[in-house]
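This is a walk through one structure, from overall dimensions down to single residues. Keep the sequence and the model side by side while reading.

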Amino acid sequence: MQWETVIGLEVHLQLATRSKIFSGSATTFGAEPNTQASAVDLAMPGTLPVLNAQAVRFAVMFGLGIGAHIGRRSVFDRKNYFYPDLPKGYQISQFEAPIVGRGSFEIQLEDGSTRSIGITRAHLEEDAGKSLHEDFHGQTGIDLNRAGTPLLEIVSEPDLRSAAEAVAYLKALHSLVTYLGISDGNMAEGSMRCDINISLRPVGSDTLGTRTEIKNVNSFRFVEKAIRHEFERQAEILEDGGRIVQETRLYDADLDETRPMRSKEVANDYRYFPEPDLLPVVIDEAYIESIRAELPELPTQKRHRFVAQYGLGSYDADVLAATRELADYFEAVAAACGDAKIAANWVQVELLGQLNRGELTLGACPVSAPDLGGLIRRILDNSISGKIAKQVFEAMWQGEGSADQIIEARGLKQMSDSGELEAMVDQVITANAGQVEQYLAADEERRKKLVGFFVGQVMKLSKGQANPQMVNELLAKKLV
Amino acid sequence: MHDKSVAQLIAGLRARQFSSVELNRCFLERIKRLDPALNSFITVDESAVLAAAEAADQRIAAGAAAPLTGIPVAHKDIFCTQGMRTSCGSRMLDNFVPPYDATLISNFRREGAVLLGKTNMDEFAMGSSSESSFYGPVCNPWDTRLVPGGSSGGSAAAVAAMLAPAATGTDTGGSIRQPAAFCGITGIKPTYGRVSRRGMVAFASSLDQAGPMAHSAEDCALLLNCMAGFDPLDSTSSELPVEDYCAGLDHTLAGLRIGLPREYFGAGLEAGTAGCISAALKELEALGATLVEVSLPHSHLTIPAYYVIAPAEASTNLSRFDGVRYGHRCKDPVDLHDLYTRTREEGFGPEVKRRILVGTYALSAGYYDAYYKKAQQVRRLIKQDFSACFEQVDIIAGPTTPGPAFALGAKSDDPVAMYLEDVYTLAVNLAGLPGMSVPAGFVDGRPVGLQLIGRHFGEARLLNIAHRFQQATDWHLRRPPMATGEAS
């Protein structure tokens, strides 16, 4: 049978606030264990949570970014369960009245098509600490630095239909939240963690199958692998006439498999009830409008603008709009050189190529956008050829200076002096009498091919600096 | 010195009639001598008391004294005190030394008040007799065979026996008012949100409120001035400006309309207590007040609603006591489950366990709507009852408890009988209103308390009424024989 995969994702996004959601402790990643845990984070008796206003602001920014309804009165609840890295014995979360309601946003698939994915809700909650199982001689160490880090849990509708779509969704989400500046989106540090709800149904069916939830998936690649793996597993059971058990499974990246969580790892009854230590969060129109007024241009808007304003293809626009930094870089190059299409090409091919080879981020890029624009200007004004430009770019990357300095220092300026070029053309014609004869005897079709030989000879003679267009014109005049 | 009011002690310190060191020595000596019979204190650190008293004397000498500078104040052992054990009357926290002060404690320290000691209480403030403490029961100074009430029984007994001129307590369902009534002292539970809860070990977060306990309304006003106010670290504390509670103590009671809820004077109220209350109400009438019969029609639902909401909140508030980070931890746990179950089995007493179980049940899937949600709906009805009354009257008055103090052990095996002790006080917490208990007579040598209930943030008016009543009566000046040396 042909199966359709139905996927919904729950993403836990760490918000980039400086302090925790309910205490004043810092949220910096990688500090010595328990050095960023205050009395509140340790759930000392008598301590009380105080809501971080910046976390609320970030949540509202996200809500506006996906065109969602913003809860005018959202309520924090206690989610009760015992675990050593959950100091209070409950997590403060939002259950019945989340801060962000229904919304949606557009994802772009590899074939260039777009799809709108529904967001069911997004709510604020606090992160737990970490249990460390190594280095404690069979005991467990608890690090509460992460406890209380603000999270936005973003729940999608079951709108995704493949691993590729799930990854595209996560990339789009990553792009959106980094555009908004509400998260660093650093997956390696756990800033974006993903739970996958997945079920299968026969193609053409519109009822949902029984789903499983895969927890603990922390990279785009693992999401793809976990979904592929779970698809195989479920399809095999269904093909054999079996039934899927609704359960929570863990993805083990080392073994590349999912396995059911032990029953002890699954809390059945969280006993949610409104958190009496916090008042409901009441948000008014003026607050929402003040945030809306400060929203940056978002990835989808930018992509559409790049297509409309610069005439870029949708794939190019998507690549260049992926991060705010890259988009800004591209626009600066385009402005400096005056030709957006060539700028787009150079940024995507040469710049991203160099960055990838050097495993560098754009922030560490040695060539500034105005400098790259300056290089492209020299191509456009025929000072150098595209081929020479690549050499110049390489030198710029090595820190040898601006395009003009390098062209000057290396004497790479294109030869456009017609007298000088004419002398070279004459020299080539004289030295290759046989080829000239062949050329003159040939028909129009063959001549087009043979002329390349003479151009190549002139270029060789000029060490690549001859203006190819002028050489062509001179040859056309002389070879008669 | 020990028989003086806080107001008189402040005057005496200012006039250099005695120093704070002398004053505090006097109370330390009384604690040493009399407390073995009462067990009202859990922790007293003499050298810390004297150091604080000395600092207070210097401050007074420098002319920089605040109203309470140098005054000894005992604090219920539910308030976190930096560097000093805060046990909450539980084995679970027997070894717990907080790294910070409760906001209330900081407020007293800032004024230069001297922290005299930490008082005994029902374990985690759950009880009405102060018998459930890990540190043993507290006895009533009027008759040591009787309970002092609870859960702030240590504070009430200490003040009544003049082991401290004033103390703090907390009131989740009557825990200031009922022991104040049983021990013949004055106590006020302010409006929910008036006093910061930060650093107060939580029992039921939406009901807990700290307040002062002293001999008179005037002394309570002096303490409340120091305690009340917005705390940015307690999101449920009120931003409403704090009045000077001493300023209006002498206002006339002429024209005051006092509501008497018929439900508070029906079956269940003991005759002796009823007699004291009606005499006290006549006194208030003589001072110019008008008595109006009112009704709180949902009173019969108060106990069921309270005993769902309070245990529900308590069950999760007490989840943090898991043996992982502080407090009691069982010996040699074999695994996580063993660590949790044995730690909590050993650390909590039976009443605490009972409430955790009840609360957990009430919040469970499938029962939440029937219990917790329903109880919250009842809570709204109870609030509405009070709002309706306050359209007709200025305050509500009635008995604090159905009867006077009972014998130690009399109700400890019958939780429901114990819960019924709070039948007149619980609704005030559910509605978040201020309530106080004022000494109003004796039944067979046992004190009786008159309860006054005010509008939200109407503490000043309550204190004013109680003060005028105390100007006209002397119940609050009576002292137990064991504390005056008159006991045989």
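Start with overall size. A compact globule of 488 residues would be expected to have a radius of gyration near 23 Å, and chain B comes to 21 Å, so the two agree. The model is a predicted one. Taken along the principal axes, the C-alpha atoms of chain B occupy a box of roughly 65 × 55 × 50 Å.

Within that box, chain B is built from 16 helices and 11 strands. Of its 488 residues, 60% are buried. The contacts reach across the sequence: counting those in chain B between residues at least 6 apart, 77% link residues at least 24 apart.

One helix shows the burial in detail. H7 of chain B spans residues 217-227, and 11 of its 11 residues are buried. An α-helix has 3.6 residues a turn, so residues three or four places apart point the same way. The buried residues of H7(B) include Ala221(B), Leu222(B), Leu223(B) and Leu224(B), and also Glu218(B), Asp219(B) and Asn225(B). Just after H7(B), Gly229(B) has a positive phi of about 140°.

Next, the nonpolar interior. The largest nonpolar core holds 147 residues, and those touching the most other members are Val73(B), Val114(B), Val159(B), Ala164(B), Leu452(B) and Leu463(B). What does Val159(B) contact, apart from its neighbours within four places in sequence? Its partners are Ala164(B), Ala166(B), Ala167(B), Ile185(B), Met213(B), Ala214(B) and His215(B). A second core, separate from the largest one, has 60 residues, among them Leu9(A), Leu13(A), Ile70(A) and Ile154(A).

Conventions:
Residues are numbered from 1 along each chain as its sequence is written. Chains are lettered from A and ligands numbered from 1 in the order in which they are written. This is a predicted model: local features need pLDDT of at least 70, side-chain atom pairs count only at pLDDT 80 or more; totals for chains, interfaces and linings use all residues. Helices (H or I, at least four residues) and strands (E, at least two) are DSSP runs, numbered from the N terminus. The radius of gyration is taken over C-alpha atoms; the globule rule is 2.2 Å times the number of residues to the power 0.38. A residue is buried if 20 or more other C-beta atoms lie within 10 Å of its own, exposed if 12 or fewer, and partly exposed in between; C-beta atoms are placed from the backbone. Two residues are in contact if their C-beta atoms, placed from the backbone, lie within 7 Å. A nonpolar core is a set of buried Ala, Val, Leu, Ile, Met, Phe, Trp, Tyr and Cys residues joined through C-beta atoms within 7 Å.
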